[in-house]
Amino acid sequence: MPTISDPIVPDGASHPRAERIWCGNCRTAEHVIMDSIEPLKPPVTGLVDVAYTCVECDTFYAHPATFQDVAAILNQRGTVRGVLQFGGEYIHCGEPMKISGTGFHSVYAPMSTEDPAVDLLDVYLATKVLQCRCGFRMELPS
Ligand SMILES: [Zn+2]
Ligand SMILES: [Zn+2]
């Protein structure tokens, strides 16, 4: 039975409140599927805006949550520790990491020519470097 919930966050609240990620109906986070993870606006360190669905009872939730909570849900699937991967984005410190540059690894595949005019991009592995504002960096194949 639906109840009319109290307005949890009063107008003009200066601090968004993180809520636990779980399904209040099923009283577990076991069946939760993350739909989206985004930085808060304005961004708050350690907090993200999440939306998720409990597939057991088909209930949709959206609220701020702590980075640790999100990690606990997602890391069940074995993501790199401290980094959340979601929807093509990599999130560290609660916000998506930004591409700070690209590089090329010298995975050199010898071709039939040593001609320096040959476009070496074809034989180098392109990578992109993601950087968090905390300085954490990681490199990925692009
Ligand atoms: Zn549920
Ligand atoms: Zn970071």
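In this report a contact means heavy atoms within 4.5 Å. With that in hand, let us walk through the structure.

This is a predicted model, where local features need pLDDT of at least 70 and side-chain atom pairs count only at pLDDT 80 or more, while totals for chains, interfaces and linings use all residues. Residues are numbered from 1 along each chain as its sequence is written, chains are lettered from A and ligands numbered from 1 in the order in which they are written, and side-chain values use heavy atoms, with hydrogens and water left out.

## Overall picture

The protein has one helix and nine strands, where helices (H or I, at least four residues) and strands (E, at least two) are DSSP runs numbered from the N terminus. Read from the N terminus on, the elements follow the order β-β-β-α-β-β-β-β-β-β. Of the 142 residues in the protein, 29% are buried; buried means under 20% relative accessible area, exposed over 50%, and partly exposed in between (1.4 Å probe, protein chains only). The exposed surface of the protein is about 9,600 Å², and carbon and sulfur atoms supply 54% of it. Those areas come from the Shrake-Rupley method with a 1.4 Å probe, and for residues only the protein chains shown count as cover. Among the contacts in the protein with a separation of 6 or more, 44% are between residues 24 or more positions apart.

## The zinc site

Which residues hold the zinc ion (ligand 1) as protein donors? They are Cys23, Cys26, Cys54 and Cys57, each through SG, at 2.2 to 2.3 Å from the ion. Donors here are N, O and S atoms within 2.8 Å of the metal (3.2 Å for Na, K and Ca); water is not among the atoms, so sites may look incomplete. The arrangement around the zinc ion (ligand 1) is tetrahedral because its four donor atoms subtend angles of 97 to 114°. For that label, four donors must have all angles between 85 and 135 degrees.

Along the sequence, the donor residues of the zinc ion (ligand 1) are spaced C-x2-C-x27-C-x2-C. The pair Cys23 and Cys57 links distant parts of the chain, 34 residues apart: Cys23 is in the segment before strand 1 (32-39), and Cys57 is in the loop between strand 2 (47-54) and strand 3 (59-66). Cys23 is buried at 0% relative accessible area, whereas Cys57 is partly exposed at 29%.

Two further residues deserve a look for their backbone. Arg27, in the segment before strand 1, has a positive phi of about 55° although it is not a glycine. Asp58, in the loop between strand 2 and strand 3, also has a positive phi, near 60°, and is a residue other than glycine. Arg27 is exposed at 58% relative accessible area, and Asp58 is exposed at 65%.

## Three buried strand residues

Here are three residues set side by side, with neighbours up to four places away in sequence not counted.

| Residue | Strand | Contacts |
|---|---|---|
| His63 | strand 3 | Glu19, Arg20, Ile21, Val48, Asp49, Val50, Tyr52 |
| Thr59 | strand 3 | Asn25, Tyr52, Thr53, Cys54 |
| Pro96 | strand 6 (residues 95-96) | Pro39, Glu89, Tyr90, Ile91 |

His63 is buried, with a relative accessible area of 7%. Its side chain is joined to that of Tyr52 by a polar contact of 2.8 Å. A polar contact is a pair of N or O atoms within 3.5 Å; within protein, one must be able to donate a hydrogen and the other to accept it, and residues adjacent in sequence count only if both atoms are side-chain atoms.

Thr59 counts as buried at 19% relative accessibility. Thr59 and the zinc donor Cys26 are 33 residues apart in sequence and 9.8 Å apart in space, C-alpha to C-alpha.

Pro96 is buried as well, with a relative accessible area of 16%. From Pro96 to Arg133 there are 37 residues in sequence and 9.5 Å in space, C-alpha to C-alpha.

## A salt bridge and a cis peptide

How many salt bridges does the structure hold? There is one, between the side chains of Glu38 and Lys41, at 3.9 Å from N to O. A salt bridge is a side-chain nitrogen of Lys or Arg within 4 Å of a carboxyl oxygen of Asp or Glu. Glu38 is partly exposed at 40% relative accessibility, while Lys41 is exposed at 73%.

Lys41 also takes part in a cis peptide bond with Pro42, where omega is about -5°. Pro42 sits in the loop between strand 1 and strand 2.

Definitions and conventions:
Four donors count as tetrahedral if all angles lie between 85 and 135 degrees; four count as square planar and six as octahedral if opposite donors are over 155 degrees apart and all others between 65 and 115; anything else is irregular.
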